[in-house]
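Dear colleague,

Please find below the structure that I am handing over to you. My findings follow directly beneath it.

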Amino acid sequence: MGIQKNDYRWLACIQRRARLPILLAGLVGVLPACASPGTSDAQRVANIQVAQCERNGIAAADVVAGTKFDVDLPGFGKVCFLARRHLANPVEQETDLIGFELWRDGVLAYSLPMPPGYLWNELCQKILAVAFSRHGDQTDVIVLGSCMTARDNLSQPLVFSSQPGGFRFDSDLSEAAMGLDTIKQVQRKIRAMRSSSTGRQP
């Protein structure tokens, strides 16, 4: 029988390395990496590059379902964006509020500012959609939430705009977009308001 593919791997290993490590590995029953069959370079790289939202350390029980997104944001690089329930003020606030965070390597890297209570409070318990938009040097995180009212649920978009060192909550844009039902509608409102403030056409 001729030399098989795995035999070539053995020969390449012996040519690249001294024979002593090969013999020692045989004695202890462990093959060197170049002699182990079945794992390609691409598979090894894939195992190392775990998505940020799959890293250990993210408290899955606290994360609002459907709100984890792997995203590359200026100033932060590759992070996991997520919405998480937590107490805004344990002394005064008994109901969990939903906050928004960026996680890197399984550790909290940044908390987006909490919107004011008149826009986002304990009655706001649903996240309908999340989007990340770039307009030139400006990056926006848009969260489309839903808040209970006396009559019905009201769509409440939240707009976080990039600034040096992180993001700021844009009250003007968020208030102007109140009641809009889709991310596209919110994005159009943002473009229109920024264009009018600079005197350019949207």
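Ser195 has a relative accessibility of 10%, and because buried means under 20%, this residue counts as buried. Please note that the model is a predicted one. Ser195 belongs to helix 5, which covers residues 183-198. Its side chain also makes a polar contact: the side chain of Ser195 comes to 2.8 Å from the backbone oxygen of Arg191.

Asp105 offers a second residue to look at. Is Asp105 buried, partly exposed or exposed? With 45% relative accessibility, Asp105 is classed as partly exposed, because that class lies between the 20% limit for buried and the 50% limit for exposed. Its position is the loop that links strand 3 (97-104) to strand 4. The backbone of Asp105 deserves a remark as well: its phi is positive, at about 55 degrees, although the residue is not a glycine.

The loop holding Asp105 leads to the sheets. Strands 1, 2, 3 and 4 form an open sheet in the order 1-2-3-4, with antiparallel pairing. Its edges are strand 1 (69-73) and strand 4 (107-111), each of which pairs on one side only. On average, neighbouring strands of this sheet are turned by 45 degrees against each other, with direction ignored. Within the sheet, five bridges connect strand 1 with strand 2 (residues 77-86) in the antiparallel sense. As a point of orientation in this pairing, Val71 stands opposite Val79, a residue of strand 2.

There is also an open sheet of four strands in the order 5-6-7-8, and its pairing is antiparallel. Here strand 5 (124-135) and strand 8 (166-169) are the edge strands, each pairing on one side only. From one strand to the next, the twist averages 25 degrees. How many bridges join strand 6 to strand 7? The number is nine, between residues 138-148 of strand 6 and residues 153-163 of strand 7, and the two strands run antiparallel. Ile142 can serve as a marker here, since its bridge partner in strand 7 is Val159.

For viewing, I would suggest the following places:

- Ser195 in helix 5, with its side chain at 2.8 Å from the backbone oxygen of Arg191
- Asp105 in the loop between strand 3 and strand 4, with its positive phi
- Val71 opposite Val79
- Ile142 and its bridge partner Val159

With kind regards

Notes: Residues numbered from 1 in each chain as written. Predicted model: local features only at pLDDT ≥ 70, side-chain atom pairs only at ≥ 80, totals over all residues. Heavy atoms only, no water. Pairing = 2+ DSSP bridges. Axes fitted to C-alpha atoms, helices over the stretch in contact; angles between N-to-C directions. Buried < 20%, exposed > 50% of the residue type's maximum accessible area, 1.4 Å probe, protein only. Polar contact = N/O pair within 3.5 Å; in protein donor to acceptor, adjacent residues only side chain to side chain.
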